[in-house]
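Trainee: Can we go through this one together? I'd like to practise reasoning about charged side chains and cysteines.

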Amino acid sequence: MLSYPAAIPLSNHTLVHLADLIRAERARRRSRWRRLEPGRQALLVLAHLRNGDTHARLAVGFGISYSTAWRYVREAVDLLASLADDLRAAGERATRLAYAILDGTLVPIDRVADQKPYFSGKHRRHGVNVQILADPARRLVWASPTLPGSVHDLTAARTHGLIDMLTTNDVTAFADKAYQGAGGTVRTPFKRHATRPRLSRGQKAVNRAHARIRALGERAVSLLKGWKILAKLRCCPHRATAIIAAILVLHHVETRRRP
């Protein structure tokens, strides 16, 4: 089989941080011997999450079996996911923002046995729904646990308690028309109704200003989707929450070192 060197668009700081976590976890478990030392396992995990390399490709590249590659990735993902912020911690961070941007995205998945709950009528494909909070600097603040793709964005936000959290912490959040009727501190654009076919000039101006603010959230979505494993998840949909939580932790490690 042919092989070639490849690059991972992440800093050495992130690699060292993950390797230290793996090393500490091995010491806690009193693990005596592994096929890969912590730095190599961290590199394998980052290649899987950031570049989307499959377990089969990683097994060949690192000279280990498929099952070992799968186990190393799963161990590291679960370790990182356990460190992710919960909704309360996300609320504490949001209180320090001038405002937040609330948006939802669909992470595609392979077709599963129970297809109907995961089929998104909006996107016309199978996937899982993820709710995202971004700050005014277009940075990713928090990503929610996943729900089946058929769940509407507003329903997902209410299910996770996002609306209540933002309102309780008095954080103004800008969202698109999918969140119409959310209430609380969530601000949505004006929407045309059957009894009011046209918007006034003032309402159109408000919608344009709202769209300029909300567009900043698209950058946060792109930062999350920059992790190529999310181009299409080929694992059990129930693993999606742990994978996204692990990516969120790594994203914060990567960005906090930058000014």
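Mentor: Sure. Arg23 and Asp20 sit three residues apart in helix H1 (residues 12–29), so about one helical turn separates them. Keep in mind that this is a predicted model.

Trainee: How far apart are the closest N and O atoms of Arg23 and Asp20?

Mentor: Side chains of opposite charge can pair when their charged atoms come close. A salt bridge needs a nitrogen and a carboxyl oxygen within 4 Å. Arg23 and Asp20 do form one, and their closest N and O atoms are apart by 2.9 Å.

Trainee: Which residue forms a salt bridge with Arg34?

Mentor: Arg34 has a partner with the closest N and O atoms 3.1 Å apart. Arg34 lies in the loop between H1 and helix H2 (38–51) while the partner is in helix H4 (residues 66–81), so the pair ties together parts 41 residues apart in sequence. That partner is Glu75.

Trainee: Is Asp53, which forms a salt bridge with Arg57, buried or exposed?

Mentor: Arg57 is partly exposed, with a relative accessible area of 47%. Buried means under 20%. Asp53 has 14% relative accessibility, so Asp53 counts as buried.

Trainee: How many disulfides does a search of the whole structure find?

Mentor: A disulfide is a covalent bond between the sulfur atoms of two cysteines, and the cut-off is 2.5 Å. For Cys235, the closest cysteine sulfur is in Cys236, at 6.9 Å, which is too far for a bond. Across the whole structure, the number of disulfides found is zero.

Conventions
Residues are numbered from 1 along each chain as its sequence is written. This is a predicted model: local features need pLDDT of at least 70, side-chain atom pairs count only at pLDDT 80 or more; totals for chains, interfaces and linings use all residues. Side-chain values use heavy atoms; hydrogens and water are left out. A salt bridge is a side-chain nitrogen of Lys or Arg within 4 Å of a carboxyl oxygen of Asp or Glu. Helices (H or I, at least four residues) and strands (E, at least two) are DSSP runs, numbered from the N terminus. Buried means under 20% relative accessible area, exposed over 50%, partly exposed in between (1.4 Å probe, protein chains only).
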